[in-house]
Amino acid sequence: RFTSQSFFDFHDASPLDRDLSLVQFPTTFFYGATSTLALALEPEPQFALMGQNTAQGRVTRSASGFGDTLFFARYTLVDIDWPLNTVRVAPLAGAFFPSGYYDKSDYLGLLPQQLQSGSGSVDPYLGVTAAWDNPVHEISWDATWRANPPASPGYQLGDEVRTDGQFQVRLWPYPLPTDHVPY
């Protein structure tokens, strides 16, 4: 699975008048260890750019590289199949491991938190995912929690709670051919 995430924050209210652009490209690699256990690894390359006011005038600061790497295991607890339908519910657990910078500097000194690609700490990660799938559509949902303990002086992100939902409809071919369709 390959996705990209972009974040833009323009003109904060501080005297620095910061503009922040952040682009991430998390790529998830899954390995099905058994029919119910999947292992996942998600490195996260990213690029961040920030403009801000300084005593020397407006400057642009940037950083790129890998962020923290997520490793987690997902175990299918509920697995209900009936003709052309399936329902799955699976908890997941893992951690973000410090593979990104948390103390990167440039000619002006230590980069702001927003430009650092890593946290510098091992961050526990827990969640649950659920899906209902058939040949016409799929509905899926997940919720996750990430603890972000302090890693270095002055660097505290705070914990994260996220939830995502998805709805898909097959447009073509419609209906699916009946030969060789996996269950």
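These are my notebook entries on one chain, looked up in a predicted model.

**Entry 1, overall fold.** I began with the secondary structure and found 14 strands and zero helices in the chain, so that reading along the sequence gives me β elements from start to end, in the pattern β-β-β-β-β-β-β-β-β-β-β-β-β-β. I then looked up burial, and 29% of the 183 residues count as buried. Among the contacts with a separation of 6 or more, 52% are between residues 24 or more positions apart. For the surface I noted about 11600 Å² exposed by the chain, with 62% of that supplied by carbon and sulfur atoms.

**Entry 2, Asp123.** I turned next to Asp123, which lies in strand E12, residues 123–133. Is Asp123 buried or exposed? I put it down as buried, because its relative accessibility is 0% and the cut-off for buried is under 20%. Its side chain makes a polar contact of 2.6 Å with the side chain of Ser121. Leaving aside residues up to four places away in sequence, I listed what Asp123 touches: Asp68, Gly94, Ala95, Phe96, Arg146, Ala147, Asn148 and Pro149.

**Entry 3, nonpolar surface patch.** I then looked up a nonpolar patch on the surface, formed by Tyr75, Leu77, Val78, Ile80, Trp82, Trp132, Val136, Ile139, Phe167, Val169, Leu171 and Trp172, which together have about 1300 Å² of accessible area. Two or more of its residues come from each of strand E8 (78–82) and strand E14 (160–169), and E8 gives the most, with three residues.

**Entry 4, Ile139.** From that patch I picked out Ile139, which is found in strand E13, residues 137–146. I recorded Ile139 as partly exposed, because its relative accessible area is 38%, and this class sits between the cut-offs of 20% and 50%.

Technical notes
Residues are numbered from 1 along each chain as its sequence is written. This is a predicted model: local features need pLDDT of at least 70, side-chain atom pairs count only at pLDDT 80 or more; totals for chains, interfaces and linings use all residues. Side-chain values use heavy atoms; hydrogens and water are left out. Helices (H or I, at least four residues) and strands (E, at least two) are DSSP runs, numbered from the N terminus. Buried means under 20% relative accessible area, exposed over 50%, partly exposed in between (1.4 Å probe, protein chains only). Contact means heavy atoms within 4.5 Å. Accessible areas come from the Shrake-Rupley method with a 1.4 Å probe; for residues, only the protein chains shown count as cover. A polar contact is a pair of N or O atoms within 3.5 Å; within protein, one must be able to donate a hydrogen and the other to accept it, and residues adjacent in sequence count only if both atoms are side-chain atoms. Patches are made of residues with over 30% relative accessible area and no salt bridge: like charges are joined within 9 Å, nonpolar side chains (Val, Leu, Ile, Met, Phe, Trp, Tyr) within 5 Å. A salt bridge is a side-chain nitrogen of Lys or Arg within 4 Å of a carboxyl oxygen of Asp or Glu.
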